[in-house]
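Please work through the following exercises with the sequence and the model side by side, trying each task before reading its solution.

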Amino acid sequence: MHTPDLHTLRKQLDEGATDALTLLDQALAAARSPRCAHAFVTLDKQGARAAAAAPTGALAGLPVSVKDLYDIAGQVTSAGSVVLADRPPATADAPAVARLRAAGAALIGRTQMTEFAFSGVGINPHHGTPANAAMAVLDPAAPACVPGGSTSGGAVSVACGAAVAALGSDTGGSIRIPAALHGLVGFKNTQALTPAAGSIPLAPSLDTVCAITRSVRDAVVLHEILAERVVRLDAVPLAARRLAVVRTLMLDALEAPVAAAFERTLQALARAGAHVEFIDLPLLDELPRLTQDGGLPAAESWAWHRELLAREGDRYDPRVAARIRRGAAITPAALAALHAARADWIGRMSAALGGFDAVLSPTVPMTPPPLAPLLDDDAAFFEVNARLLRNPSVVNLLDGCAISLPCHAPGSAPVGLMAWSLGGRDDRLLSLALQIEALQ
């Protein structure tokens with residue numbers, strides 16, 4: 001199945017082959033289809049139609065979904081929970097939402113997510129879990145597969161044709177994981193480039209505002225809107241690129257389809273002249289120390305949720321509550337030491353990787369697993385969750401930038417390639433990603 005990206009739809013609009021209201025009606029129909037079940041918390045047909053009726057800007061009235069983590073004026077932000085359902089509606093758009101609206105987006109609706117964005121699997125026991133839309137097309141008779149989280153509904157909204165892009169967040173892979181599991185593009189920019197105000201935090205030291213799209217060129221557009229900056233794409237040929245493949249940790253226990261797709265991409269890059277160098281990175285052996293007791297996500301989420309958990313803890317997803325409560329063991333002194341250790345680690349990682357244009361890894365080591373076995377089996381859930389988060393979370397800890405783009409063969413299960421780099425190298429990374437995408 002090929003779904004047109006933003007650029008293709010913009011061209012159709014410019015040529016008069018269609019109009020924004022027609023495309024919106026198609027998107028709304030897709031949003032109500034069985035493939036998109038549980039992907040949306042709410043749909044805003046009236047607001048989206050108003051934007052599509054007078055299309056403007058880079059997004060030209062095209063439908064964009066918003067993760068239920070961000071304030072939209074007049075709507076309740078519940079972060080996939082039931083404990084926030086009685087909050088008053090937001091009085092103003094979050095800056096990220098306001099920037100999308102100013103760029104002409106038809107904000108089609110709020111999308112489902114893991115409660116409080118605290119899982120890479122995408123299960124929500126309160127409101128229902130959207131099934132992986134890409135796998136549903138690949139084999140309609142197969143059992144439902146996980147969507148990836150925490151931006152689960154956002155990925156499904158793009159994959160099923162209900163949105164051209166999905167505003168989400170990435171704290172440990174929450175954009176890149178669902179993008180990889182759906183054969184989509186997920187770009188996690190350097191954290192400081194996009195504003196997180198007007199959203200429910202998970203770990204403010206790591207939370208990144210970013211989007212899922214259908215192509216890398218669309219990712220460039222969405223980043224320019226969300227960051228209010230112009231991306232400066234370079235013209236460096238692949239033959240002048242120096243790329244690292246980290247053997248340490250990132251290639252462990254790959255499923256056979258992931259290993260095959262990743263190797264095929266490396267071979268294509270080598271044929272195109274790129275310098276691909278396999279390296280060991282012993283600094284990754286320090287991750288257990290930096291993530292002890294849940295690390296920054298547990299400590300910082302505990303600070304936000306502590307009082308709410310005391311009042312409403314029995315209404316949380318028990319798996320989310322358990323991960324948050326781990327943060328209680330991290331004292332203020334231990335948290336300060338953790339921040340210092342992280343800063344030191346980032347400095348040493350920067351020295352080790354500074355000579356490379358980017359690092360290449362599989363985004364996740366697996367193809368989308370079946371959903372049902374993870375619903376009631378905590379051990380199976382946490383094992384899959386840890387595997388999904390393993391590679392992407394390294395980049396968040398590094399305060400780097402990363403992009404996941406599909407690298408699987410047509411007609412096979414989705415596999416994501418993650419290109420990642422140090423913080424501040426976003427434009428160089430996007431330039432490379434465009435080149436890699438052209439090889440697929």
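Helices, of at least four residues, and strands, of at least two, are DSSP runs numbered from the N terminus. The model used here is a predicted one.

**Exercise 1.** Determine how strand β2 is placed in the fold, and which strands pair with β2.

*Solution.* Begin with accessibility, where buried means under 20% relative accessible area. Strand β2 covers residues 63-67, and 5 of its 5 residues are buried, so the strand is largely enclosed by the rest of the structure. Taking the two faces in turn, P63, S65 and K67 are buried on one side, while V64 and V66 are buried on the other, and thus both faces are covered.

Next, look for the pairing partners. Strand β3, residues 106-111, runs parallel to β2 and is joined to it by 5 bridges, with S65 standing opposite G109 of β3. To get from β2 to β3 the chain passes through helix α4 (residues 95-102), and this β-α-β crossover is right-handed. Strand β4, residues 165-170, also pairs with β2 in the parallel sense, over 3 bridges, and here L167 of β4 is the bridge partner of V66.

**Exercise 2.** Carry out the corresponding analysis for strand β9, and state in which sense β9 pairs with β7 and with β11.

*Solution.* In β9, which spans residues 358-362, 5 of the 5 residues are buried, so this strand is largely enclosed by the rest of the structure. One face presents A358, L360 and P362 and the other presents V359 and S361, and every one of these residues is buried.

For the pairing, β7 and β9 are parallel and share 3 bridges, in which L243 has A358 of β9 as its bridge partner. Strand β11 (residues 416-421), by contrast, runs antiparallel to β9 and is joined to it by 4 bridges; S361 faces M418 of β11 in this arrangement.

**Exercise 3.** Locate A79, L249 and the cis peptide bond at S150, and decide whether A79 and L249 are buried or partly exposed.

*Solution.* A79, in the loop between β2 and α4, has a phi near 55 degrees, which is a positive value in a residue other than glycine. Because its relative accessibility is 0%, A79 counts as buried.

L249 belongs to the loop between β7 (242-246) and α9 (256-271), and its phi, near 70 degrees, is likewise positive in a residue other than glycine. With a relative accessible area of 23%, L249 is partly exposed.

The cis peptide bond is the one that joins G149 and S150, with omega at about 10 degrees, and S150 is found in the loop between α5 (133-138) and α6 (152-159).

**Exercise 4.** Describe the second largest pocket by its volume, the residues closest to its centre, and the makeup of its lining.

*Solution.* The volume of the second largest pocket is about 790 Å³. Its lining consists of 32 residues, of which T291, G294, R323, L389 and S393 are the closest to the centre. Sorting the lining by element, those that contribute two or more residues are α10 (287-290), α11 (295-312) and α15 (378-398), and α15 gives the most, with 9 residues. Sorting the lining by class instead gives 16 nonpolar, 12 polar and 4 charged residues.

Notes:
Residues numbered from 1 in each chain as written. Predicted model: local features only at pLDDT ≥ 70, side-chain atom pairs only at ≥ 80, totals over all residues. Heavy atoms only, no water. 1 Å grid on protein atoms, 1.4 Å probe; cavity = no way out; pocket = protein on both sides within 12 Å on 5 of 7 lines; lining within 4 Å. Points joined across faces, edges and corners; volume = space filled by probe spheres on them. Nonpolar A, V, L, I, M, F, W, Y, C, P; charged D, E, K, R; others polar. Buried < 20%, exposed > 50% of the residue type's maximum accessible area, 1.4 Å probe, protein only. Pairing = 2+ DSSP bridges. Right-handed = clockwise from strand over helix to strand, strands pointing away.
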